[in-house]
Number of protein chains: 2
Amino acid sequence: MKECYDRLPRIEGLNHVQLTPISFLKRACDVYPDHESIVYGSRTYTWHSTADRCLGLASGLRKLGVSTGTTVAMMAANTPELAEAHFGVPMSRGVLNSINTRLDPDTIAYILDHGDAQVLITDTQFSPVISKALDKLDTRPMVIDIVDEQAEGGERLGTMTYEDLLTIGDGTGDWGFPESEWDALTLNYTSGTSGRPKGVVYHHRGSYLMSMGTVSAWQIPKHPRYLYTVPMFHCNGWGHVWTMTLMGGTLVCNRAVNAETIFRSIREHRITHFGAAPIVLAMLANAPEEVRYTPDYTVEVMTAGAPPPSKILERSQRLGFNVTHVYGLTETYGHVVFCDWKAQWSQLDIDRQAEIKARQGVRFPMMESARVVDTRTGEDVPADGSTMGEVVLQGNPVMKGYYKNPEATDEAFKDGWFHSGDLAVLYPDGYLEIKDRLKDIIISGGENISSIEVESALYKHPKVAAAAVIAKPDENWGETPCAFVELKPGEAATEDEIIDFCRDHMAGYKRPRHVVFLELPKTSTGKIQKFKLRGLIEDGKV
Amino acid sequence: MKECYDRLPRIEGLNHVQLTPISFLKRACDVYPDHESIVYGSRTYTWHSTADRCLGLASGLRKLGVSTGTTVAMMAANTPELAEAHFGVPMSRGVLNSINTRLDPDTIAYILDHGDAQVLITDTQFSPVISKALDKLDTRPMVIDIVDEQAEGGERLGTMTYEDLLTIGDGTGDWGFPESEWDALTLNYTSGTSGRPKGVVYHHRGSYLMSMGTVSAWQIPKHPRYLYTVPMFHCNGWGHVWTMTLMGGTLVCNRAVNAETIFRSIREHRITHFGAAPIVLAMLANAPEEVRYTPDYTVEVMTAGAPPPSKILERSQRLGFNVTHVYGLTETYGHVVFCDWKAQWSQLDIDRQAEIKARQGVRFPMMESARVVDTRTGEDVPADGSTMGEVVLQGNPVMKGYYKNPEATDEAFKDGWFHSGDLAVLYPDGYLEIKDRLKDIIISGGENISSIEVESALYKHPKVAAAAVIAKPDENWGETPCAFVELKPGEAATEDEIIDFCRDHMAGYKRPRHVVFLELPKTSTGKIQKFKLRGLIEDGKV
């Protein structure tokens with residue numbers, strides 16, 4: 001009877017425990033104390049010593065006044081310090097704001113100010129840009145320096161080093177489990193391709209479940225040896241610092257990510273798993289013979305951001321890599337959809353395999369729903385592999401919201417779904433494939449034209465260095481594609497030449513009607529700022 | 001700043017989704033619709049058809065009036081119906097009470113009455129015992145018959161068959177996700193070795209996390225092929241029906257569990273995982289040559305209840321089984337501690353391996369804490385491998401409590417810990433090993449004597465069929481061990497003979513001082529009822 005079931009006690013800490021990735025560290029320390037936790041050059045740690053350092057960091061931060069909801073910003077490479085901060089900052093009850101190391105001083109200042117950072121832990125390698133950022137602030141956070149002999153120098157900006165911080169606490173070993181699993185865990189700013197970056201807030205529950213579900217989907221065995229190539233400032237490195245701790249793994253860190261360090265790490269540390277953008281995969285596939293290394297076992301590689309081309313895929317397989325294509329956003333803690341590979345597909349030829357692997361696929365187990373819906377009606381698009389719709393998501397690993405930005409939060413969460421802003425098609429087997437950003441799609445004469453498709457064609461032109469395609473209002477067609485093209489140094493081309501080239505590479509109605517030659521505006525991380533190009537069109541300048 | 005983080009919206013169903021194993025079925029249906037879900041003799045299902053049947057069951061039960069907190073009892077073998085009920089009953093918002101099929105009519109009547117069952121789904125094979133149980137009830141539940149051609153007949157007791165039930169609903173396909181993850185999911189009665197059985201209540205959150213953590217610890221790959229040898233009425237078959245669904249696995253069901261069906265299933269269905277009590281392992285290890293089958297891959301086997309002896313372990317390894325020893329209780333959804341194997345241990349000789357594997361080990365990742373504490377002070381015992389203490393636990397997979405039994409619930413939950421009632425020692429590496437039930441330990445002259453150790457020695461005596469050792473009050477020693485012995489048919493023995501035998505097999509102070517020969521009182525499932533033997537001592541009869 002309902003009332004008898006309802007009467008049973010919920011005792012906090014006994015039969016109801018707040019979910020948090022801090023649990024993973026506590027267990028790794030209890031169960032695998034002597035197992036290698038982090039390797040970074042000549043520095044190596046065990047789970048016992050890592051836990052010790054995280055406890056020290058938490059205690060030190062508390063001494064500095066950090067408590068529930070205090071933002072602790074961090075500007076660091078993929079070093080042990082940043083991995084430790086993924087536990088130590090939450091254990092101080094603070095919120096970790098790991099900043100993109102490639103940003104400009106102005107944006108960094110904006111993030112420190114908007115994010116209310118009280119403490120900034122910064123690697124001296126980034127002192128030049130950080131000191132400029134700090135100069136722009138009215139109120140400076142407390143600054144702690146990471147002084148690392150593997151860094152390329154850089155002056156000290158703070159009053160205390162990171163190593164000192166680990167020692168100033170009370171040493172009582174308080175693990176700092178959160179009072180609520182809904183408490184904020186980290187703050188991650190988006191890249192700002194469409195204006196000022198937005199602060200995405202993660203919580204403990206979402207991160208715990210993200211890790212559990214990642215183990216299931218990626219089938220991570222015990223003691224993975226994980227090479228950290230994905231920057232930890234990006235969606236907290238896809239949450240893998242927490243996930244690998246759950247599995248008692250070893251994190252291998254490098255300050256620089258290039259073909260040589262990756263292959264050397266795989267060889268020296270018998271790496272079993274890593275994550276890599278397709279550009280990194282391409283770099284590895286095309287690396288010179290003397291740098292390459294093929295292990296005698298399969299390395300599991302996660303890739304996201306763009307589908308891996310068949311040539312890269314084939315070469316990756318020959319290098320012993322099994323590539324899994326995933327999809328997600330900063331707003332979803334990273335990957336929430338993946339191309340769940342079916343055994344029979346491995347029998348297909350490599351081009352067909354690449355075609356399937358280009359699909360982002362199906363949801364991870366910790367996600368409740370991933371649909372592709374008509375943007376007007378909210379109904380599912382037909383699973384025909386051609387009708388485009390927006391990807392909308394539900395699940396525990398969806399952000400708490402954008403920090404101090406209720407309008408953007410409401411917009412992202414309208415109608416009970418998280419709106420990804422990505423357009424996809426759905427195949428008959430339920431696998432989805434991303435086609436474009438919603439705001440980049442061009443609707444011409446009632447037909448959808450994917451800006452990505454037109455851009456892909458433009459990139460094939462031998463004279464084109466970079467390209468972006470934007471919708472331009474048109475009296476007859478509603479919109480037509482307008483191409484913004486940056487030519488390779490020393491090259492020259494005409495509008496007709498480009499349009500003719502496109503006509504040979506796609507259906508006629510998809511070809512650009514206008515071509516503008518210019519140096520494309522980019523963010524500090526190299527992403528093209530389409531909103532600026534859109535501004536040129538709106539202002540009637542092109 | 002805390003208030004800015006706290007202000008972010010928690011939107012039910014969007015960025016906060018109630019945890020429930022129903023999610024696993026929905027995803028298996030979405031992602032692996034054509035993959036084999038359940039195999040039972042000539043009957044096979046896919047995840048799509050299983051989901052369909054579960055939706056039908058839920059809808060049918062709702063039609064019968066089942067709603068949140070209604071108990072639905074089930075008396076069934078390990079058939080597809082019972083597996084389906086693990087989803088279909090919760091999807092109707094009801095609570096599944098799967099009853100031990102070996103119980104007597106009186107205990108079944110007690111459970112149906114105490115558990116407030118409104119509906120009873122019963123396999124006709126159990127009609128003889130169920131009809132007697134129903135006769136004892138003042139108010140009968142609604143009875144639904146499972147009519148299975150693989151059953152050994154049995155009369156129908158209800159007005160509707162299970163197959164009919166699947167069709168009477170509204171067919172709207174309501175998945176019935178719970179309003180709260182804290183809602184009751186199942187009700188499991190303990191075996192009643194110490195009196196009337198207690199009703200252990202599980203909730204959705206605990207079960208979801210149990211499955212996620214089991215995947216991590218047991219390293220279950222995608223699409224496991226799982227042989228269901230553990231009865232699903234026992235801790236919901238260790239929760240594996242949910243866990244295997246999470247991994248898109250295949251459940252292979254058999255009505256009978258014996259060496260022949262197990263080996264045949266492994267061969268025919270390429271079983272990758274199963275669970276087995278040590279007695280089942282022994283049965284397999286000792287099976288005749290013509291029945292045995294050794295696959296060309298490793299089968300992962302979980303065992304619980306008693307440590308696997310080295311001989312059995314050695315033979316199991318030769319059969320291609322990798323045995324993992326686990327520990328848990330009905331109150332903890334099954335296994336929560338396991339002997340997490342270290343690679344270097346595989347180099348040791350088999351006796352030493354068995355010695356280590358006898359340890360129950362360390363906590364699963366979904367458990368927060370598993371300690372061994374002094375029963376008087378509540379402090380951790382020294383990790384010396386010899387000091388005994390009680391195993392106490394904390395974690396989400398700890399029951400909601402005992403149904404309609406607040407006294408027993410309070411007792412089990414005292415001081416903020418779940419008290420297992422099991423005594424263990426802790427080794428220096430943090431692995432625990434169960435030594436006895438707390439209430440069975442004998443304290444003689446200040447020394448702990450494990451009743452299990454004395455019983456193990458008695459079982460080695462060639463004339464002994466069964467034995468139980470109980471503390472008997474003693475003026476000088478406080479307590480001394482009293483042995484209750486059941487001899488093999490046709491055998492005769494003297495008290496001195498037994499005591500002398502024990503003296504040769506253990507430290508002198510541990511030997512029984514009294515030996516009582518009798519037929520031991522047992523539960524319907526064959527467990528010795530020590531409380532009745534204790535009664536004989538208390539009443540001064542021995």
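Me: How many of the 10 residues of helix α2(A) are buried?

Reply: The count is 8, so α2(A) is mostly covered. This is a predicted model, and the remarks below are to be read as such. Buried here means a relative accessible area under 20%.

Me: Which residues of α2(A) are buried?

Reply: A general point comes first. With 3.6 residues a turn in an α-helix, residues three or four places apart point the same way. In the case of α2(A), the buried set consists of Ile22(A), Ser23(A), Phe24(A), Leu25(A), Arg27(A), Ala28(A), Cys29(A) and Val31(A).

Me: Take Val31(A). What relative accessible area does Val31(A) have?

Reply: The value is 2%, and Val31(A) is therefore buried. Val31(A) belongs to helix α2, residues 22-31 of chain A.

Me: Which residues does Val31(A) touch, leaving aside those up to four places away in sequence?

Reply: Asp340(B), Lys342(B) and Val362(B) are in contact with Val31(A), once residues up to four places away in sequence are left out. The names carry the letter B, and that is how to read a contact between chains.

Me: How far apart in space are Val31(A) and Gly248(A)?

Reply: Their C-alpha atoms are 8.5 Å apart, with their places 217 residues apart in sequence. For chain A as a whole, take the contacts between residues at least 6 apart in sequence: 68% of them join residues at least 24 apart.

Me: How should I read the rest of chain A, and what is its radius of gyration?

Reply: A compact globule of 542 residues would have a radius of gyration near 24 Å, and chain A has 24 Å, which agrees. Along the principal axes, the C-alpha atoms take up a box of roughly 70 × 65 × 50 Å. Buried residues make up 61% of the 542 in chain A. The exposed area of chain A is about 20500 Å², with 48% supplied by carbon and sulfur atoms. Its secondary structure amounts to 18 helices and 26 strands.

Me: Now a strand. Which way do the residues of β11(A) point?

Reply: In strand β11, residues 250-253 of chain A, Thr250(A) and Val252(A) point one way, while Leu251(A) and Cys253(A) point the other way. All of these are buried.

Me: How many bridges join β1(A) to β11(A)?

Reply: The general idea is that strands of a sheet pair through backbone hydrogen bonds, either parallel or antiparallel. Strand β1, residues 36-40 of chain A, is joined to β11(A) by 3 bridges, and the two run parallel. Tyr40(A) stands opposite Cys253(A) of β11(A). Strand β10, residues 225-227 of chain A, also has 3 bridges to β11(A), again parallel. There Leu227(A) has Val252(A) as its bridge partner.

Me: In what order do the strands of the open sheet with β17(A) come?

Reply: The order is β17-β18-β20-β21 in chain A, 4 strands with antiparallel pairing. β17 (367-373) and β21 (432-437) of chain A are at the edges; each has a single partner strand, so one side of each is left without a neighbour in the sheet. On average, neighbouring strands of this sheet are turned by 45° against each other, direction ignored.

Me: How many bridges join β20(A) to β21(A)?

Reply: Strand β20, residues 418-426 of chain A, is joined to β21(A) by 5 bridges, and the two run antiparallel. One pair to look up is Val425(A), whose bridge partner in β21(A) is Glu433(A). In chain B, likewise, 5 bridges join β20(B) to β21(B), and Val425(B) has Glu433(B) as bridge partner.

Me: How is chain B laid on chain A?

Reply: A turn of 180° and a shift of 0.0 Å along the axis lay chain B on chain A with an RMSD of 0.1 Å. The two copies are thus related as by a two-fold rotation axis. In chain B, the residue that comes closest to the rotation axis is Met212(B), at 3.1 Å by C-alpha. As for the interface, 100% of the interface residues of chain B are also interface residues in chain A, so the copies meet through the same surface.

Me: One more residue. Is Arg53(B) buried or exposed?

Reply: Arg53(B) is buried, with a relative accessible area of 13%. Arg53(B) lies in helix α3, residues 47-63 of chain B. Beyond residues up to four places away in sequence, its contacts are Arg43(B), Tyr45(B), Glu84(B), Tyr162(B), Glu163(B) and Leu166(B).

Note on methods. Residues are numbered from 1 along each chain as its sequence is written. Chains are lettered from A and ligands numbered from 1 in the order in which they are written. This is a predicted model: local features need pLDDT of at least 70, side-chain atom pairs count only at pLDDT 80 or more; totals for chains, interfaces and linings use all residues. Side-chain values use heavy atoms; hydrogens and water are left out. Two strands pair if DSSP finds at least two bridges between them. Axes are lines fitted to C-alpha atoms, for helices over the stretch in contact, and angles run from 0 to 180 degrees between N-to-C directions. Copies are superposed by least squares on the C-alpha atoms of residues with pLDDT of at least 70 in both. Contact means heavy atoms within 4.5 Å. Buried means under 20% relative accessible area, exposed over 50%, partly exposed in between (1.4 Å probe, protein chains only). The radius of gyration is taken over C-alpha atoms; the globule rule is 2.2 Å times the number of residues to the power 0.38. Accessible areas come from the Shrake-Rupley method with a 1.4 Å probe; for residues, only the protein chains shown count as cover.
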